Protein chains: 2
Amino acid sequence: MPLRRPATAALAAGLALSAAVSAHADEGMWMPTQLPDIARAMREAGFRGRADALADVTAPPLSAVVKVGGGTGAFVSGEGLLLTNHHVAYGVIQYNSSAERNIIDGGFIAEGRGDERPSNPDFRVLVTVGFDKVTDEVLAEARGKTGRAYFDAVDAAGKRIVAECEQSGEVRCSVANMYYGTDFYRIRQLELRDVRLVYAPPRAIGNYGDEIDNFMWPRHTGDFTLLRAYVGRDGKPADYSADNVPYAPPAHLQIARGGLHAGDYAMLAGYPGTTFRHRTAAEFDAQVARVLPQRVAVFDALIDAVETAGADAADIRTRYASQLQSLKNNRKRAAGELEGLLRSDAVRLRGEDEAAMLAATTGDHGRPRATTGDDATDIAALQAILGQADAAAARDQLLTLVASQTQLLRSALLLERLRIESAMADDAARETGYQQRDHALIEGVLRQAQRRYAPSAEKAVLSVLVGRYQQLPDAQRLPAFDAAFGRTPESLKTALDTVYARTTLGEEAERLSRFADARAGRPLADDPLLALAAQLVAAQLDAEDARKTREGEQLRLRPAYMRALFAWRAQQGRAVYPDANGTLRVSYGKVEALAPRDAVAFSPVTTVAGIVEKNTGQAPFDAPQPLLDAIAGGDFEGTAEASLGTQPVNFLTNLDTTGGNSGSPVLNARGELVGLNFDSNWESVSASWWFDPRYKRAIHVDMRYMRWLMARVYPAPALLEEMGLPAR
Amino acid sequence: MPLRRPATAALAAGLALSAAVSAHADEGMWMPTQLPDIARAMREAGFRGRADALADVTAPPLSAVVKVGGGTGAFVSGEGLLLTNHHVAYGVIQYNSSAERNIIDGGFIAEGRGDERPSNPDFRVLVTVGFDKVTDEVLAEARGKTGRAYFDAVDAAGKRIVAECEQSGEVRCSVANMYYGTDFYRIRQLELRDVRLVYAPPRAIGNYGDEIDNFMWPRHTGDFTLLRAYVGRDGKPADYSADNVPYAPPAHLQIARGGLHAGDYAMLAGYPGTTFRHRTAAEFDAQVARVLPQRVAVFDALIDAVETAGADAADIRTRYASQLQSLKNNRKRAAGELEGLLRSDAVRLRGEDEAAMLAATTGDHGRPRATTGDDATDIAALQAILGQADAAAARDQLLTLVASQTQLLRSALLLERLRIESAMADDAARETGYQQRDHALIEGVLRQAQRRYAPSAEKAVLSVLVGRYQQLPDAQRLPAFDAAFGRTPESLKTALDTVYARTTLGEEAERLSRFADARAGRPLADDPLLALAAQLVAAQLDAEDARKTREGEQLRLRPAYMRALFAWRAQQGRAVYPDANGTLRVSYGKVEALAPRDAVAFSPVTTVAGIVEKNTGQAPFDAPQPLLDAIAGGDFEGTAEASLGTQPVNFLTNLDTTGGNSGSPVLNARGELVGLNFDSNWESVSASWWFDPRYKRAIHVDMRYMRWLMARVYPAPALLEEMGLPAR
């Protein structure tokens, strides 16, 4: 237990801290194709397999790792049995739960294949079957262009590649942008549409601790669920049918008999969503100095507005409960990210790293010039473009919230934009979000507004957002907004009162009748809120155009920055992984304890003792009696951790993860499945920007806990046998 | 960091726990006179001094340890300089703070002796100058009596001894009951009445973390203040006068230059208030099964009633803010005590220990009989008496709350009882609390009711308390209460509505005019609430009589139980300390980490890094800028902990403490002052009943932190020199 631990920036001067924080030995969300390049480092970390066997995402073992719902999962038998998180499969569990049989609370064990339950129709499992570099194809038309033209050329090439790829109807395709426009990859995925629920523990195991323990180590949660993928009798993806047969995956993982100890090698594969690690020093500064503080401030103001609107109105409190919870979560996340970046002194460290990179690669300080003069020019141009984006950031944040935090105005904006996009004959050319495949989602928004809207609350939300907008510098304001709302609080109030008193869009039927017109590209029947939306959408399109122009320039210029980074890291003997973008990645590291604060140290392994300690009998700490009885019974033979003399539950590693890694399989040095990723600690919320090895941890279900539950508490011997495990 | 830790009762079966929890190596609040008996154990624990030098409370070093306000303190110079907690001296700081010079927030450093500030007039320092066994004198008249007569004989003997002892006018005397009526000691104390403020850190150092960190390890608080005791020019205690001179204490402690490390010997002296460690197994069971759950339930109901009464009335919320906070604190304490006793499985362990004691000492199981037949009879009789007390406990709890949680009824009850007691000519014979010395306190209650009373809230409180009273079994109810309030919720409501609509005691003048009559023993002018109080006081006097009869029996019978315990512990090779009773005690142990929950481990030392980590800029985490600057400056020469390379702040020991130990000096193996006790961890709230070595810790200010603050942050070189320390 290290008594002395590195501390915050303010302490750095006084405490003579170790400067090792930038070493980042375990940082990295590697593309599988990169693993042969870092094989030596993996071996030194303890890996006992062959790194080149991991390089092909379409071959075992990585072909066992799939995208499941919003997260990750892995096949664990040759007959399509699929392991993921309880929270990733929660929609499936909910879909099969009813008042008569509440399987959310009670859990579910299929009584044989015939009893496996279909998932909600939009639930998907994606098996990656192709991963090819298409950089030249994507950039061919873009080269020589700038700004919006560069953006459109890349966008069009991507859409064309996807359309060609999907022509056979056998696979779903996408184009992934690696290293910010440096490389592009075409990804081909089987879309499994018949996925069934096989085994889910009760909520009070699968989600033990819920929001209270979320992001909090130590955890004591059995956050796992087993599904099974089915295909048609021809072996091809198919909609649900009783005739379908289990899918034979290209590979499946073997669950280990033993577990890991502090310091042991661990690795993880999954589909992490988005990170910002390779953003520029100026972007780090903007995030910490402006974006996050503004986000916290505007969420605070929105929370206050919604709470005030509901203070004396139970009906409004009910309608806005979900939105309020979401606002609070977003506020908490932003504050946590800000706190973490400050704690890690990320702005200073990223700034020093970038300055050293530029000095080392552009020929300053007498070092050899690793970057061409053109690249140096591009990097300077990139900095200028990022300055423009920074200036527009506060406005863009407010515009986004105007569209996302309102119900009726959001509906009107959607209808107006849908009308405009639908007027284009070519569905594929329409803006993402307004194509035919998106109509169901839009209709859902238009319908749900009914249960989530109150005029006074929506006006309060808009008063906050437009009120802050009115304070922006002249250069950032949009004429259409000024025309609609004026420049003073009084004019804003008058405009809102007038529009909301007269609009009829509060009626669901009124919204749906416009929807029918909008999706057909026809003019919409008059309404004051639609008239306002027409003004605002025109302004949004202008802002969007400016944004796409800036983004085009970034797409064109960032590769120069990345080349400098590659050269700089090469000088340091380090490889560079691309920032996360929802594609399959591998990270490796080890089981590691956490000492997040002065005098506080957390062991990397929790045990069933902690379940009993936390148990209050009240949700979310209401462990089921069979679990409590089994813990008291103490029969952990075959699944206990010998060094602890009891049953392990969760464990902690320093693996590099972010949102999307939920359900990622954690493998030991021999590639066996030892854990299931499901959470991270609060201190690592800022890791999407900055990996601080002192604080970044990932939280996993120990597979021995799953095995013990399935053997002794809620037995499923056939499933254990199917996974090649002792039935008890 | 121990991964495996003993767990709760529910786990005991399953986890094959070590049975060592009853060993209690470090348990004990020893009378100094006992220390020679346990000298060997102290030496084995690391003590390097002579235990017999500690046996005399009137000789160095223990004569340096004094009672200060509600806590403890120690002289640290030959000129009356006295070290205690910031929170113990808080009233003194508050008394000297003003809008013009807010020394609570800014701290205070006297600019020389002339600038030392007088304390509030009722602040006292008590120096123990005599400690003599008077058991025979106290029990002479009681022997052969039973019940109320036994109680009265002991009570009268005690009052007589005190009166004789105080006759000289030089000392304040009291009689302390050790081992529940087994022994009695006469304590003589100098009462120093001129105590001045010398040095106090700012609130944000002295109370850093406040209620949020209270009871929470790790802490980062400089909870210390320096006072100075003055006496008249004749060397005798005197009221404040500019002519007074510093008091020359019989001894003072020397502050150590170094600090302690995990495992190092530590000891502590102070005036712990009340513990219940030697209560019977049946009393433990009653506490856990009934007293604490009832307390939690009734506080919950009162909190709900007061909050409901104030829900739509800001005025009521203001008037009841302080009472509500107190109710919540009491509720939290009761719940924490219950949680701790359950976690430690105290009822089972105490029960097993008592059964083994009775078997070993009363001749059962073929062992030699260590307890006389008379004692065995007495123990059986004691158990019967305790059963009666247990049956009356719920009622007595409610009666106490009726008197303490109301404002107007409390005033009426006080007035009526005062009238009755004052009718007795002999002031000393009047019930404690109603003697002339208590009149000022009663008047304070009568006056403060004005700011803290609202009829609807008081009726709500009484509805809860009397409503619960109405549910008691017939045998526990009092005829007068039934007559006053009836037996149904409706009759209760009618009675309360009627009385509160008509009483004029809501007027301060009405209460004070009755006070003038009551203190003179004259009849009180008519009022419906006083008429009610007259009924209830008569009933209370009956209940009090029954209680004193039971207590007399307990005083008579518990010594037999204690003799059995002495014999049983002797067989185990262990000495027995008396339960805490506000007299000077010594405990010894060591610096020890805490692993309170699964996977959670706390280091026993905190550092200034934690101050910066916790700092939010908002109270209670608003460290002063000079402190933050000094931390960043990093000059800790002479006060740093070498093994950590930085400045320590607080540390943790397993020393045995309870309320009243605030400000206790913590000494190292050579008797030097290394720490100042100021808090304990949440898990040890239940230690007043059961010392569980896994969880019981005490929290201390590291004297090196005080020295660093006084040398580098808010310098006071003259005071450091006076304490024999380097001035910087």
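# Charges and rings in the model

Student: Which side chain of opposite charge is nearest to B:Glu354, and how far away is it?
Tutor: It is B:Arg350, 4.8 Å away, and B:Glu354 has no salt bridge although it is buried. Buried means under 20% relative accessible area, exposed over 50%, and partly exposed in between (1.4 Å probe, protein chains only). A salt bridge needs a side-chain nitrogen of Lys or Arg within 4 Å of a carboxyl oxygen of Asp or Glu. Lys and Arg count as positive and Asp and Glu as negative, with His and the chain ends not counted.

Student: What kind of model is this?
Tutor: This is a predicted model in which local features need pLDDT of at least 70, side-chain atom pairs count only at pLDDT 80 or more, and totals for chains, interfaces and linings use all residues, while side-chain values use heavy atoms and leave out hydrogens and water. Residues are numbered from 1 along each chain as its sequence is written, and chains are lettered from A and ligands numbered from 1 in the order in which they are written.

Student: Where is B:Glu354 found?
Tutor: B:Glu354 is in helix α12 of chain B, residues 346–361. Helices (H or I, at least four residues) and strands (E, at least two) are DSSP runs, numbered from the N terminus. Apart from neighbours within four places in sequence, B:Glu354 is in contact (heavy atoms within 4.5 Å) with B:Thr280, B:Ala281, B:Gln383 and B:Tyr561.

Student: How many salt bridges are there over all chains?
Tutor: The count comes to 126 over all chains. One of them joins A:Glu170 to A:Lys236, with the closest N and O atoms 3.2 Å apart. A:Glu170 is in the loop between α6 and β7, A:Lys236 is in the loop between β10 and β11, and 66 residues separate the two.

Student: Why does A:Glu170 count as partly exposed?
Tutor: A:Glu170 counts as partly exposed because its relative accessibility is 40%. A:Lys236 is also partly exposed, at 39%.

Student: And what does A:Asp213 pair with?
Tutor: A:Asp213 forms a salt bridge with A:Lys614, the closest N and O atoms being 2.7 Å apart. A:Asp213 lies in helix α8 and A:Lys614 in helix α21, so the pair ties together parts that are 401 residues apart in sequence. A:Asp213 is buried because its relative accessible area is 7%, and A:Lys614 is buried with 18%.

Student: Which residues do salt bridges with shared partners join into one network?
Tutor: The network consists of A:Glu79, A:Arg113, A:Glu116, A:Arg228 and A:Glu722.

Student: Changing topic, how many aromatic pairs does the structure hold?
Tutor: The structure holds 32 over all chains. A:Phe131 and A:Tyr185 form a stacked pair, 4.6 Å centre to centre with 15° between the planes. A:Phe131 is in strand β6 and A:Tyr185 in strand β8, 54 residues apart, and both are buried. Rings of Phe, Tyr and Trp (its six-membered ring) pair if their centres lie within 6.5 Å; planes under 30 degrees apart count as stacked, over 60 as edge-to-face and the rest as tilted.

Student: Which residues do ring pairs link into a cluster?
Tutor: They are A:Phe276, A:Phe284, A:Trp689 and A:Trp690.

Student: Which ring does the charged end of A:Arg196 sit over?
Tutor: It sits over the ring of A:Tyr230, 3.6 Å from the centre. Such a placement requires NZ of Lys or CZ of Arg within 6 Å of the ring centre and within 35 degrees of the ring normal. The charged end of A:Arg558 sits over the ring of A:Tyr180, 5.1 Å from its centre.
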